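Thank you all for coming. I would like to take a few minutes to walk through how the helices of one chain pack against each other, so please have a look at the model first.

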Amino acid sequence: MAWLWAIIVGFVLGLIAKAILPGKQEIPLWLTTVFGIIGSVLGNWAATGLGVNDTKGIDWTRHLLQLIGAVVVVGLGDMAWVALRGKKKA
């Protein structure tokens, strides 16, 4: 069941990251989900390193770090996708 939650969280974080980033991203929806999952994992890793991965109540800091990770990975992934595909950004 954990893999299903990873996909759902990755999908949601990827979409939020695309909404935060300026301009139109060229990556497809499946890649947005994969990048969201990677960003979530990086955010969890950073939260563990900072010691805020498990707090009482809602882990707002961990969720914020997951979102930051997703924004970074989606942004860099989109640049790589455009470079590999040879498309120019509008």
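Let me begin with a question: is the crossing of H2 and H3 left-handed or right-handed? The crossing of H2 and H3 is right-handed, where right-handed means that the near helix is turned clockwise from the far one by less than a right angle, and left-handed that it is turned anticlockwise.

Before going further, I should say that this is a predicted model, in which local features need pLDDT of at least 70 and side-chain atom pairs count only at pLDDT 80 or more, while totals for chains, interfaces and linings use all residues. Residues are numbered from 1 along each chain as its sequence is written, and side-chain values use heavy atoms, with hydrogens and water left out.

The chain has three helices and zero strands, helices being DSSP runs of H or I with at least four residues and strands runs of E with at least two, numbered from the N terminus. Along the principal axes, the C-alpha atoms of the chain fill a box of roughly 45 × 25 × 20 Å.

Returning to H2, residues 29-50, this helix packs with H3 at an angle of about 135°, their axes being 7 Å apart; axes here are lines fitted to C-alpha atoms, for helices over the stretch in contact, and angles run from 0 to 180 degrees between N-to-C directions. H2 and H3 are therefore oblique to each other, since angles under 35 degrees count as roughly parallel, over 145 as roughly antiparallel, 65 to 115 as roughly perpendicular and the rest as oblique. Among the residues that meet, with contact meaning heavy atoms within 4.5 Å, are Phe35, Gly39 and Leu50 in H2 and Leu65, Gly69 and Trp81 in H3. The residues of that contact divide into 12 nonpolar, eight polar and two charged, where Ala, Val, Leu, Ile, Met, Phe, Trp, Tyr, Cys and Pro are nonpolar, Asp, Glu, Lys and Arg charged, and the others, Gly among them, polar.

One residue of H3 deserves a closer look, namely Arg62. Its side chain makes a polar contact of 3.0 Å with the side chain of Asp59, that is, a pair of N or O atoms within 3.5 Å, of which, within protein, one must be able to donate a hydrogen and the other to accept it, with residues adjacent in sequence counting only if both atoms are side-chain atoms. Leaving aside residues up to four places away in sequence, Arg62 touches Asn44, Ala47, Val52 and Asn53.

Turning to H1, residues 2-20, its axis comes within 8 Å of that of H3, residues 60-85, and the two cross at roughly 65°, so H1 and H3 are roughly perpendicular to each other. This crossing, too, is right-handed. The contact includes Leu13 and Ile16 of H1 and Leu67 and Val71 of H3, and by class it has eight nonpolar, two polar and one charged residues.

The axes of H1 and H2 come within 7 Å and cross at roughly 105°, which makes H1 roughly perpendicular to H2.

Finally, just after H3, Gly86 takes a positive phi of about 75°.
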